[in-house]
Every structure is written in structure tokens, then in C-alpha cells.
Amino acid sequence: MRELILLRHAHAELPQPGQADFDRPLSAEGLAEADAVATWLRDKALVPDRVLCSPSRRTRETLDAVVEVVGNLDKRLEPVIYEAMPGTLAGLIDGHRDADRLMLVGHNPGLERLVALLHSGQSGEYRGMPPAAVAVLSLPAESAIEPGIATLSAFWWP
């Protein structure tokens, strides 16, 4: 078995006039959430072998909080994650089958729909992923990513 950890970014500031969504930083609440999720990951021994992160500011700041608590990680910025839907995310994840524990830091609605797709086989059956939520999915070791292949082993948010 291998594990996939999906982490939605923590709460971000509302956009300032003229500010792009991509550039929104974490709010004070979001910084606290990011610290909490980092501690939870460390305490559950869910330290990833590799992290794929959206390049948006709020996802990078969420990941930075995780690195502060769990230590240095093999992290890669993946532009395709920003605004991606489940099919795109599944394809990206499938290209990293060599990682025993892969973490993806991204956004809704893509992440919550991906959880539903991998777990239940249908992306329309999602239940939501609050800011800083973590979904941990167990996958067969060598299998390709496809609908219904995963078991949801943990779901947590601060």
C-alpha cells in the first residue's frame, strides 16, 4: 500500500483591491490552522516522501508551516494544481507512483472532488474540505490512479 495525503490550504486573507487571487496570503486564522495541521501530521507520523504544491501564495505558506514542524521535505511546485479539477490532479498524482507517501497541497473544489472520486468513484459525491483539511487515502502500491481505488484512512481539520 501507499498513501496519498491531500491538504487544502488554510484560510487566506480576502483579496485586496487589484490583488490577484493567486497572491492572497494566509490570514492570522490561517497561520494558526497551518501550524495545527503541521502538528497533526507530525503526531500521526504522516511525513510525506514528496510534496506537490500549487504555486499560489496561500498553498506555499501552508506548506512552509508544515516544513517548520516536520522538517525539510522533497517539495515541488506544480502550476497545474492551481484551479485543477480531479482528472488533472489524478494524472499528476499518477506520475508520482514511486513515492510511498505523496502529499498534494492545493485548492477546492478540485481536492474535495478528488477525494470523492478516488474513494467512492464519483466526483459529484463530495462532502467538502474545509480550509486546512487533510484527507489521507490508502492506495494499492503499483496501481494506476482511477475512480474508487482508494480507502479513506483519515480525515481531519483544525
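Visitor: As what does phenylalanine 155 count at 32% relative accessibility?
Guide: This is a predicted model, in which local features need pLDDT of at least 70, side-chain atom pairs count only at pLDDT 80 or more, and totals for chains, interfaces and linings use all residues. Residues are numbered from 1 along each chain as its sequence is written, and side-chain values use heavy atoms, with hydrogens and water left out. Buried means under 20% relative accessible area, exposed over 50%, and partly exposed in between (1.4 Å probe, protein chains only). At 32%, phenylalanine 155 therefore counts as partly exposed.

Visitor: What kind of aromatic pair do phenylalanine 155 and tryptophan 157 form?
Guide: Rings of Phe, Tyr and Trp (its six-membered ring) pair if their centres lie within 6.5 Å; planes under 30 degrees apart are stacked, over 60 edge-to-face, and the rest tilted. Here the centres are 5.5 Å apart and the planes are at 65°. The pair of phenylalanine 155 and tryptophan 157 is edge-to-face.

Visitor: How does tyrosine 82 count, buried or exposed?
Guide: Tyrosine 82 pairs with phenylalanine 22, with ring centres 5.1 Å apart and planes at 80°. Phenylalanine 22 is partly exposed, at 28% relative accessible area. At 19%, tyrosine 82 counts as buried.

Visitor: How far apart are the end C-alpha atoms of helix H1?
Guide: Helices (H or I, at least four residues) and strands (E, at least two) are DSSP runs, numbered from the N terminus. The expected span of a helix is 1.5 Å times one less than its number of residues. For the 16 residues of H1 (residues 28-43) that gives 22 Å, which agrees with the distance in the model, 23 Å.

Visitor: Within what arc do the buried residues of H1 fall?
Guide: The buried residues of H1 are Gly30, Glu33, Ala34, Val37, Ala38, Trp40 and Leu41. The arc is that of the directions from the helix axis to the C-beta atoms. Seen down the axis, these buried residues line one face of H1, because they fall within an arc of 160°.

Visitor: Which residues have the most contacts inside the largest nonpolar core?
Guide: A nonpolar core is a set of buried Ala, Val, Leu, Ile, Met, Phe, Trp, Tyr and Cys residues joined through side-chain atoms within 4.5 Å. Contact means heavy atoms within 4.5 Å. The largest core has 24 residues, and those with the most contacts inside it are Leu4, Leu6, Ile93, Leu104 and Leu118.
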